[in-house]
Structure formats: structure tokens, C-alpha cells
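Me: Please take a close look at one part of this model. Start from a single loop residue and then work through the helices and rings around it, giving the cut-offs as you go.

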Amino acid sequence: ESKEERTFRNWMNSLGVNPYINHLYSDLADALVIFQLYEMIRVPVNWSQVNKPPYPALGGNMKKIENCNYAVELGKNEAKFSLVGIAGQDLNEGNATLTLALVWQLMRRYTLKVLSDLGEGEKVTDDIIIKWVNQTLKSANKSTSISSFKDKSISTSLPVLDLIDAIAPNAVRQEMIKREHLTDEDKLNNAKYAISVARKIGARIYALPDDLVEVKPKMVMTVFACLMGKGLNRLK
């Protein structure tokens, strides 16, 4: 299982999907979990069109493929996802690249929905998140800032830890953080600590420590988005 696959599984299970996802591809083969995720991002699902288990021994897989076809159709027409060249059969057969293309768009939309709920319906862009992060850091007299989600300084996790400290004073124990002359191990320890404290203060983070250390922009965005959600919630 790749790190990315583990992240997606973490995310789905953190939302309480049923059945619990143990294996990303085989557990999505009938698209039932995909439909639950659509509902969480406000894409209406017509459940009378969905085949439900137990599936018949004969023709059962056909029923699952019909579900997958409907899932792809909803993605294209209702969610307006970019699903070029993806057919229901690809989901059913667990084609990794094509399944991940759909799942990534679901997760990104979910993260942005969390934010737009906070922005009271305003569309929240990457720039808005970055601006909020930097303003929050500055107003807490932190010396860290980020120029983008690719900013190399994110590999130290210091901007993340400082941001958590800014929105939840006393949550971060400074003696747990290494700030200077960081080895790869120090960076990983900072990242693990940042994610565990973020979860402790109630930010629903599904990124992995390695995503911060390696500065994976897509996943870095979800970390800051969830923290922004937490920070804005605190102000209400």
C-alpha cells in the first residue's frame, strides 16, 4: 500500500464510511462507499438506482459495474469532476491510477467544502488559505511564513507548528520541537508531532508526516485547510 493510498483510506474511515475500508481498491469495487462520499460533498445520489448487497452469485459483478457506471456518471455530470477516460469498469477492476484520480478529487472537494462551510459559502482558493496562514502567523508574532504549498520551509513543519500554537495556545510544547540544524530524522519527528497535535486540537487531518517532510503540495494544502477551518471555528 502506497502512502497516498493509506492517506485516502485514513480519510474515508475518518468520515465513518460503511463498510470500513481495509483495501482501497477491492472495497470500492461496488462503489457504495463512493456514493456515501458524494453525499458528504453534497452531490445528490439517487439510491433507488443503486444495487445493494447481497449480490446474486450469478451476475453479481454486473450489478457492481452498474453501480460503478452510475458513480462515474455522477462524478462527471453532478460533481463536475475531470474524469476523462474513466469508465465504471475501471473502478470495479480496481485500476489504481483511474480510481485514485476520482478519489483525489473527492477528497479535495471535501476539504474545500469544509472550508466553504467556514467561509460561509465563499469559494476558498489556495491563495486565500496562504494569506490566512501568513496573517495568523504574523499576528501571533511568529517568524515563519509560507509563499506557497511548495515552500521548502514546510519540510521542517515549523510553519505548521507555529500556526497550531497561534490558533491553540498551550497545545504545542516547544521543547518537543527542533528548530535549528535539522536532520532528516528531526524533520520527520517535527512532522509527526505537528500532525498529532493538530488532531488533538480537533483538526481532521488525513495527511501523513512524510507529506510535510517531502512537501507534497496537494497534501500540504489539506493540512493548512483543516487548520484554517479549526482557526476560523474558534473565532465564531
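Reply: N95 sits in the loop between α4 (88–92) and α5. Helices here are DSSP runs (H or I, at least four residues), strands are E runs of at least two, and both are numbered from the N terminus. Residues are numbered from 1 along each chain as its sequence is written, and side-chain values use heavy atoms, with hydrogens and water left out. The model is predicted, with local features needing pLDDT of at least 70 and side-chain atom pairs counting only at pLDDT 80 or more, while totals for chains, interfaces and linings use all residues.

N95 is partly exposed, at 30% relative accessibility. The scale is as follows: buried is under 20% relative accessible area, exposed is over 50%, and partly exposed is in between (1.4 Å probe, protein chains only). Although N95 and Y25 are 70 residues apart in sequence, their C-alpha atoms are 7.7 Å apart in space.

After this loop comes helix α5 (residues 96–118), whose axis comes within 11 Å of the axis of α1 and crosses that axis at roughly 50 degrees. Axes are lines fitted to C-alpha atoms, for helices over the stretch in contact, with angles from 0 to 180 degrees between N-to-C directions. The two helices, α1 and α5, are therefore oblique to each other. Angles under 35 degrees would be roughly parallel, over 145 roughly antiparallel, and 65 to 115 roughly perpendicular, with the rest oblique. The crossing of α1 and α5 is left-handed, meaning that the near helix is turned anticlockwise from the far one by less than a right angle (clockwise would be right-handed).

On the α1 side, the residues that meet α5 are E4, E5, T7, F8, W11 and M12. Their partners in α5 are L100, V103, W104, L106, M107 and Y110. Contact means heavy atoms within 4.5 Å. Spacing along a helix is relevant here: an α-helix has 3.6 residues a turn, so residues three or four places apart point the same way.

R9 is also in α1. R9 is buried, with a relative accessible area of 16%. Leaving aside neighbours within four places in sequence, R9 is in contact with E1, I21, N22, H23 and L24.

Next, the rings. The whole structure holds seven aromatic pairs. Rings of Phe, Tyr and Trp (its six-membered ring) pair if their centres lie within 6.5 Å; planes under 30 degrees apart are stacked, over 60 edge-to-face, and the rest tilted. W11 and Y206 have ring centres 6.3 Å apart and planes at 55 degrees, so this pair is tilted. W11 is in helix α1 (residues 3–14) and Y206 is in the loop between α8 (184–200) and α9 (209–213), so the pair ties together parts 195 residues apart in sequence. Both rings belong to buried residues: W11 has 1% relative accessibility, and Y206 has 2%.

A second pair is F35 with W47, whose ring centres are 5.8 Å apart and whose planes are at 75 degrees, so the pair is edge-to-face. F35 lies in helix α2 (residues 32–40) and W47 in the loop between α2 and α3 (60–77), so these parts are tied together across 12 residues of sequence. F35 is buried at 0% relative accessibility, whereas W47 is partly exposed at 28%.

Back at α1 and α5, ring pairs link W11, Y110 and Y206 into a cluster.
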